[in-house]
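Work through these exercises with the sequence and the model side by side. Try each task before reading its solution.

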Amino acid sequence: MLSVLDIFRIGIGPSSSHTVGPMRIARTFVKALDRSGKLGKTARVAVELQGSLALTGVGHGTVDATMLGLMGFAPDTTCPDEAAAALAKLREDKAISLGGKREIAFDPAQDIDLAGHVIPDLHPNGMTLEAFDEAGERLLSRTYYSTGGGFVASEAQLKRKPKDDRINTGMLVPFDFGSAEELLASCAATDKSIAELVLANEDAFRPRDKTLAGVDRVAKAMDQCIERGLSQRGILPGGLKVERRAPDLWDKLSANPQSNEREQLFDWLNCYAMAVNEENAAGGRVVTAPTNGAAGIIPAVIRFYCVTNDEQPCTESRRTFLLTAGAIGLLYKQRASISGAEMGCQGEVGVACSMAAGGLAALWGATPQQVASAAEIGMEHNLGLTCDPVGGLVQVPCIERNAIGAVKAVNAARLALHRTGAESTVTLDQVIETMRQTGLDMSSKYKETSQGGLAVNVIEC
């Protein structure tokens with residue numbers, strides 16, 4: 001089993017698979033050089049970004065993230081301003097300090113190859129790093145994959161059979177589940193809610209108080225991202241000239257907070273979701289939920305619904321929401337994928353919508369079966385959703401897509417609670433498998449390559 005805190009990672013934008021993942025990979029490679037005693041001999045490092053990492057790498061910040069990782073920056077602790085200064089110095093000096101220990105000549109134009117024509121068999125987000133000595137002899141060569149949501153894997157890990165992988169790398173937990181059916185059976189057998197069962201599993205990873213502190217830290221980071229997104233104005237970077245809209249919408253809502261206009265619910269959710277994804281597009285600090293491209297949906301729903309009677313954040317309700325949503329995210333990660341390069345946007349916004357729907361249903365007192373039904377509805381009506389970012393930037397249609405996903409998640413939770421039958425016609429396991437099959441059948445041009453859909457039908461300005 002993975003931990004729910006693996007699903008919710010604090011990092012920087014604009015992409016978990018194209019920014020957070022490559023940064024972690026590059027940092028891991030330098031650490032491997034250091035451990036092997038070869039860092040001191042390294043005179044050159046060459047990086048080949050493959051498949052989707054290359055095709056949308058510039059707009060998704062992959063090149064910069066790779067260089068930051070080589071310098072030793074970590075996604076969860078990186079200050080965007082410090083990162084920008086380090087990158088500016090690198091480009092000016094044409095030199096890089098590997099892990100802050102070994103300075104070598106480095107020219108991004110020469111040493112990072114955007115090999116979009118290379119589509120790896122194991123995963124479309126491939127990345128090969130090589131180190132050479134002064135004589136040009138290869139010291140180390142490693143291939144890694146950024147598998148979505150900030151998760152990374154080596155070539156050997158992806159080649160390993162799933163059964164063996166689960167035995168060798170999975171944590172033994174009291175309530176192991178590999179499907180929604182098993183999860184619901186455990187809830188029924190123990191009379192526990194999904195959140196309670198997941199919390200019991202998390203005890204195998206760390207003490208209870210540290211788990212709760214971790215969940216609270218995730219909720220706080222989501223809130224901070226919203227707050228910053230509501231206060232920053234201007235044009236987002238990248239050349240599309242997309243203007244931040246959340247602050248103006250926030251001003252309108254704040255000026256009339258007691259409005260009884262029924263449709264204003266949409267405005268609040270839209271405002272919060274766009275605030276997060278505008279921050280993500282600007283390279284700000286966000287939480288993978290389960291990815292950066294879909295980072296606004298869960299925070300928006302939490303911000304609106306997880307509050308006390310006096311509109312203050314409610315710690316307990318946020319914990320219930322995130323633990324439940326995390327369990328659903330684990331199912332998608334284990335049984336399919338949360339990578340836009342593999343599944344299209346159904347694997348990002350679709351999964352986030354499913355997670356948010358389940359979390360909200362739990363908050364409203366739903367049974368585990370109703371929670372699963374809410375999650376199923378959230379995904380069922382996102383099946384086939386393509387990932388076609390204009391200009392390779394996580395802006396159009398990504399920002400608005402998160403706003404729509406937040407509204408859809410709330411409706412999915414409502415529909416599940418109003419369901420009269422004991423069981424859904426479509427189960428959560430069935431919809432996850434359908435998403436997986438749909439992703440495999442989907443043309444690669446609709447899977448985070450910017451080679452189809454809106455990406456080729458909208459003229460870049």
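Two strands pair if DSSP finds at least two bridges between them. Helices (H or I, at least four residues) and strands (E, at least two) are DSSP runs, numbered from the N terminus. The model is predicted, so local features need pLDDT of at least 70 and side-chain atom pairs pLDDT 80 or more, while totals for chains, interfaces and linings use all residues. Residues are numbered from 1 along each chain as its sequence is written, and side-chain values use heavy atoms, with hydrogens and water left out.

**Exercise 1. A hairpin**

Task: find how many bridges join strand β7 to strand β8, and in which sense the two strands run.

Solution.
- Locate β7 at residues 138-148 and β8 at residues 151-154.
- Four bridges join them, and they run antiparallel.
- Check one pair: Gly148 stands opposite Phe151 in β8.
- Then look at the turn. The hairpin has two residues between the strands, and Gly149 takes a positive phi near 70°.

**Exercise 2. A strand with two neighbours**

Task: find which strands pair with β2, in which sense, and how many of the residues of β2 are buried.

Solution.
- Start with strand β6, residues 126-132. β2 pairs with β6 in the antiparallel sense over six bridges.
- One bridge to mark: Val47 has Leu129 as its partner in β6.
- Go on to strand β5, residues 112-115. β2 and β5 run parallel and are joined by four bridges.
- Here Glu48 has Asp113 as its bridge partner in β5.
- In a regular strand the side chains alternate between the two faces of the sheet.
- Now the burial. Buried means under 20% relative accessible area, exposed over 50%, and partly exposed in between (1.4 Å probe, protein chains only).
- Five of the seven residues of β2 (residues 44-50) are buried, so the strand is largely enclosed by the rest of the structure.

**Exercise 3. A residue in a loop**

Task: place Thr42 in the chain, decide whether Thr42 is buried or exposed, and list what Thr42 touches.

Solution.
- Thr42 sits in the loop between α2 (16-35) and β2.
- Its relative accessibility is 0%, so Thr42 counts as buried.
- Contact means heavy atoms within 4.5 Å. Leaving out residues up to four places away in sequence, Thr42 touches Leu33, Leu98, Arg102, Ile104, Ala131, Phe132 and Leu139.
- Take Leu139 from that list. Thr42 and Leu139 are 97 residues apart in sequence, but 7.5 Å apart in space, C-alpha to C-alpha.

**Exercise 4. A covered helix**

Task: find how many residues of helix α10 are buried, and what covers them.

Solution.
- Helix α10 spans residues 194-202.
- Eight of its nine residues are buried, and the helix is mostly covered.
- The buried residues are Ile194, Ala195, Leu197, Val198, Leu199, Ala200, Asn201 and Glu202.
- The cover includes α1 (4-7), α9 (180-190), α11, α15 (315-335) and α18 (368-380).

**Exercise 5. Salt bridges**

Task: find how many salt bridges the whole structure has, then describe the pair of Glu279 and Arg228 and the pair of Arg233 and Asp248.

Solution.
- Use the rule: a side-chain nitrogen of Lys or Arg within 4 Å of a carboxyl oxygen of Asp or Glu.
- The search of the whole structure finds 21 salt bridges.
- Glu279 and Arg228 meet at 3.1 Å, N to O.
- Glu279 lies in helix α13 (residues 264-281) and Arg228 in helix α11 (residues 208-231), so the pair ties together parts 51 residues apart in sequence.
- Glu279 is buried, at 2% relative accessible area. Arg228 is partly exposed, at 46%.
- Arg233 and Asp248 form a salt bridge, with the closest N and O atoms 3.2 Å apart.
- Arg233 lies in the loop between α11 and α12 (246-255), and Asp248 in helix α12, 15 residues apart.
- Both are partly exposed: Arg233 at 49%, Asp248 at 40%.
- Finish with a network: salt bridges that share partners join Asp223, Glu227, Arg303 and Arg318.
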